[in-house]
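Please open the model in a viewer and keep the sequence panel beside it. The tour below proceeds by selection, and each stop says what to look for.

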Amino acid sequence: MSAQLIGGTSTEDDVYGQVDDGIGTITLNRPDRRNALSDAMVAGLESLLDAMQESPEVGVIVITGAGKAFCSGGDVQDFDAKGGEGGGSTEVDAAAVEAQRQAQRATVAKIYRSRKPVIAAIPGAAAGAGLGLALAADFRIGSERAVFATAFGAVGLSGDFGVAWLLNDIVGPVKARELMLLNPRVRAEEARSLGLLNEVVPEDEFDARVRALAEQLANGPALAYEYMLDNLDRAPRVSLEESMDAEVPLHKATGLTEDHIGAVRAFVEKRTPTFGRR
């Protein structure tokens, strides 16, 4: 089927979404600001993530940026215009703290906790809060132009949007400290070697590779993927025995599905299985 816009968005909005053959794509759409976050983008991203999570037509979510960047994080030009992130105040605003907490939960946490696979398709720079959005995804595919930076220290900020936690989880505490405190620009191949990217793809093959991966996931066993993600999220927090015990009822539940029964039959008959979306 042809791509359909979702969630009442428009391609003129700061962020818009569309669904095409089981693939839900969310595009961060401020290319003139390298897709820096705005209040409208955060609100739209939350709404689209919720809509795609609930839609039976969506089997995988792809998040990307319009133009040459993924997301440059906070809007530094906006910070400058209002006298810094704090708006020129000399005291921390409790309401602003709560709003920031909600923005982070509405974006990074929703991506990380998604029960549908999420691909971050990174055509260029992912920095600051934008790095947090990328690191929260299950898969990160970068073009050869992709570059990562924590960026916070460069503007005298300590960091937000889960970047410290996610870096610590992905690259370990030693490298996470280096990336946060020294703020190097990490280019695509180095990012792949660190585990920040799953793949680096030539620029002219980037869209096709993202599409191929998204199609593979969109056509996979949706309930099994959901339970796999449950198992993976739980694993670091519990013992091996607790992890195995929790896996069993989920494994048995997927064993009752048409996806499983049909795939077993396909295996026996030496053909490719066909899975249905929930």
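**First stop: the largest pocket.** This is a predicted model. Select Gly74, Phe79, Glu85, Gln100 and Asp160, which lie nearest the centre of the largest pocket among the 46 residues that line it. The space in this pocket amounts to about 1,300 Å³. Next, colour H1, helix H2 (76-81) and helix H3 (94-112), the elements that give two or more residues to the lining. H3 supplies the largest share, with 7 residues. If the lining is then coloured by class, 18 nonpolar, 15 polar and 13 charged residues appear.

**Second stop: the second largest pocket.** Select Tyr112, Asp138, Leu229, Leu232 and Asp233, the residues nearest the centre of the second largest pocket, which has 24 lining residues. The volume here is about 510 Å³. Three elements each supply at least two residues of this lining: strand S7 (139-143), helix H5 (163-171) and helix H9 (222-234). Which element gives the most to it? The answer is H9, with 5 residues. By class, the lining of the second largest pocket divides into 16 nonpolar, 2 polar and 6 charged residues.

**Third stop: the largest nonpolar core.** Show side chains for Ile26, Phe70, Ile122, Leu133, Phe148, Leu167 and Leu196, the residues with the most contacts inside the largest nonpolar core, which has 48 residues. The largest share of this core comes from helix H1 (residues 39-54), which contributes 6 residues. Apart from this core lies another, of 14 residues, including Val62, Ile119, Ile141 and Val210. Now centre the view on Leu167. Leaving aside residues up to four places away in sequence, Leu167 touches Leu135, Thr150, Gly172, Ala176, Leu179, Met180 and Leu196.

**Fourth stop: the cavity.** How many cavities of 30 Å³ or more does a search of the whole structure find? The search finds 1. About 50 Å³ of space lies in the largest cavity. To display its surroundings, select Leu131, Phe148, Ala149, Thr150, Leu167, Leu179, Pro184, Val186 and Leu196, which line it. Phe148, Leu167 and Leu196 belong to this lining and are also among the residues with the most contacts inside the largest nonpolar core. The lining of the cavity has 8 nonpolar residues, 1 polar residue and no charged residues.

**Fifth stop: an open sheet.** Switch to a cartoon view and select strands S6, S8 and S9. These 3 strands form an open sheet in the order S6-S8-S9, with mixed pairing. Strand S6 (125-127) and strand S9 (186-187) stand at the edges; each has a single partner strand, so one side of each is left without a neighbour in the sheet. Strand S8 (residues 147-149) runs antiparallel to S9 and is joined to it by 2 bridges. To see the register, pick Val147, which stands opposite Arg187 in S9.

**Sixth stop: strand S4 and its partner S3.** Is strand S4 (residues 60-65) mostly covered or mostly uncovered? S4 is mostly covered, since 6 of its 6 residues are buried. Show its residues and compare the directions in which they point. Val60, Val62 and Thr64 point one way from S4, while Ile61, Ile63 and Gly65 point the other way, and all are buried. In a regular strand, side chains alternate between the two faces of the sheet. Add strand S3 (residues 23-28), which runs parallel to S4 and is joined to it by 6 bridges. Here Thr25 stands opposite Val62 in S4.

**Last stop: two backbone angles.** Most residues other than glycine have a negative phi. Select Asp21, in the loop between strand S2 (15-20) and S3. Its phi is near 50°, a positive value in a residue other than glycine. Asp21 is partly exposed, with a relative accessible area of 38%. Then move to Asn183, in the loop between helix H6 (173-182) and S9. Asn183 likewise is not a glycine, and its phi is positive, at about 55°. Its relative accessible area is 21%, so Asn183 counts as partly exposed, the limit for a buried residue being under 20%.

Methods:
Residues are numbered from 1 along each chain as its sequence is written. This is a predicted model: local features need pLDDT of at least 70, side-chain atom pairs count only at pLDDT 80 or more; totals for chains, interfaces and linings use all residues. Side-chain values use heavy atoms; hydrogens and water are left out. A nonpolar core is a set of buried Ala, Val, Leu, Ile, Met, Phe, Trp, Tyr and Cys residues joined through side-chain atoms within 4.5 Å. Buried means under 20% relative accessible area, exposed over 50%, partly exposed in between (1.4 Å probe, protein chains only). Helices (H or I, at least four residues) and strands (E, at least two) are DSSP runs, numbered from the N terminus. Contact means heavy atoms within 4.5 Å. Two strands pair if DSSP finds at least two bridges between them. On a 1 Å grid over the protein atoms alone, a cavity is a set of points where a 1.4 Å probe fits but cannot get out, and a pocket is an open set with protein on both sides within 12 Å along at least five of seven lines; lining residues have an atom within 4 Å of a point. Grid points are joined across faces, edges and corners, and a volume is the space filled by probe spheres set on the points. Ala, Val, Leu, Ile, Met, Phe, Trp, Tyr, Cys and Pro count as nonpolar, Asp, Glu, Lys and Arg as charged, and the others, Gly among them, as polar.
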